[in-house]
Amino acid sequence: MSKIEHFMPLLVQREEEGALAPLLSHGEVHFLWIKHSNLYLVATTSKNANASLVYSFLYKTIEVFCEYFKELEEESIRDNFVIVYELLDELMDFGFPQTTDSKILQEYITQQSNKLETGKSRVPPTVTNAVSWRSEGIKYKKNEVFIDVIESVNLLVNANGSVLLSEIVGTIKLKVFLSGMPELRLGLNDRVLFELTGRGKNKSVELEDVKFHQCVRLSRFDNDRTISFIPPDGDFELMSYRLSTQVKPLIWIESVIEKFSHSRVEIMVKAKGQFKKQSVANSVEIAVPVPSDADSPRFKTSVGSAKYVPERNVVIWSIKSFPGGKEYLMRAHFGLPSVEKEEVEGRPPIGVKFEIPYFTVSGIQVRYMKIIEKSGYQALPWVRYITQSGDYQLRTS
């Protein structure tokens, strides 16, 4: 426990030296850490540990805490330290991860008004059951399955309009309200599956870096690309995937920056929707960097509103609804101090965030969802497709 006291001074020192890394060492002790909001989660080891396992555990711990406390910050840890101790005791034993599924933990560690209530002193059947992620005896009057296909576009475009980095990261999330122990089979327009079954490649997508929830039978997927599983109850992420494909910017940004020495700077930004007209981008946020010594902001927008965020040195242009094919303008005017700064500032990229419902860039489709259960009930899934921006940046001229 005394070794952890060296972590923060070491972190600050490495940060000042510009040599900050996700793994820091002090003597024979290694600190593997991640940051969430205003918290540092740190794992310590003196052995040659599996770093991937450690980081997976840290991120899973954050996921469990968020399920319990909704917001994971310093205040929520202080208010719920008793539950934190109880959860950590179940999450790990003697340095080995144990039960990390929040739904299973909630069976016997419950939270109510910052007070801990432990269930009966028994081992939950889900801990020893072969299907450890789902409890037995679940019953619903109305059996339903909801599917969300969510894709994030990661793009980096230079000032000339050339795409430097382009990829699509997608997740398929399910919300399951089914009785008993149903087996589900999900079919996608997977290119490898289409080739195995002798179908054409039209309207198929080639999935890369596929990662499944533990409920998926991997051997079945390896054999015939069938996604077969007994689902957990409620919300969960079934799978994630990546596609390294050339994608044009869905919202194209052009900017002109005119700087008048010792006086003012004027910025004009034009945004154009480069997706089909029947689709609409919601909650669009365009972050335009400005000089750190700028003041007296004034804005004029053709749609939406603009706000200066001095702590980030950016102007946030917010557009609630952005239809495809539309084009909008924003003008910003800033004053500059009479004494010019000596150091030359770099020009960070313009960042864009948005969400387009019922639209996927990759063209992935859920072809079918079959539900197999002894009682013979039928449940119809409801599918929703969403594209949102990930790390979407455009370099200004």
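This tour moves through a predicted model, from a sheet to selected salt bridges and one buried residue.

Begin by selecting strands β12, β10 and β22, which form an open sheet in that order with antiparallel pairing. Strands β12 (227-229) and β22 (366-372) stand at the edges; each has a single partner strand, so one side of each lacks a neighbour in the sheet. From one strand to the next, the twist averages 15°.

Next, display strand β10 (residues 183-188), which three bridges join to the antiparallel β12. Here L184 stands opposite F229 of β12.

Remain on β10 and show the side chains of E183 and R217, which meet in a salt bridge (3.6 Å, N to O). This pair links distant parts of the chain, as R217 lies in the loop between β11 (208-212) and α8 (218-224), 34 residues apart from E183. E183 is buried at 18% relative accessible area, whereas R217 is partly exposed at 32%.

Now select E327 and K270, a salt bridge whose closest N and O atoms are 3.9 Å apart. E327 belongs to strand β20 (residues 327-335) and K270 to strand β15 (residues 264-273), so the pair ties together parts 57 residues apart in sequence.

For a pair within one helix, turn to α2 (residues 51-69), where E63 and K60 lie three residues apart, about one turn of the helix. Their salt bridge has its closest N and O atoms 3.2 Å apart.

Then select E167, E208, D209 and R242, which a network of salt bridges links.

Finish at D148 in strand β8 (residues 144-157). D148 is buried, because its relative accessible area is 18%, under the 20% cut-off. Beyond its neighbours within four places in sequence, D148 contacts T171, I172, K173 and R384.

How values were computed
Residues numbered from 1 in each chain as written. Predicted model: local features only at pLDDT ≥ 70, side-chain atom pairs only at ≥ 80, totals over all residues. Heavy atoms only, no water. Helix = DSSP H or I, 4+ residues; strand = E, 2+ residues; numbered from the N terminus. Buried < 20%, exposed > 50% of the residue type's maximum accessible area, 1.4 Å probe, protein only. Contact = heavy atoms within 4.5 Å. Pairing = 2+ DSSP bridges. Axes fitted to C-alpha atoms, helices over the stretch in contact; angles between N-to-C directions. Salt bridge = Lys/Arg side-chain N within 4 Å of Asp/Glu carboxyl O.
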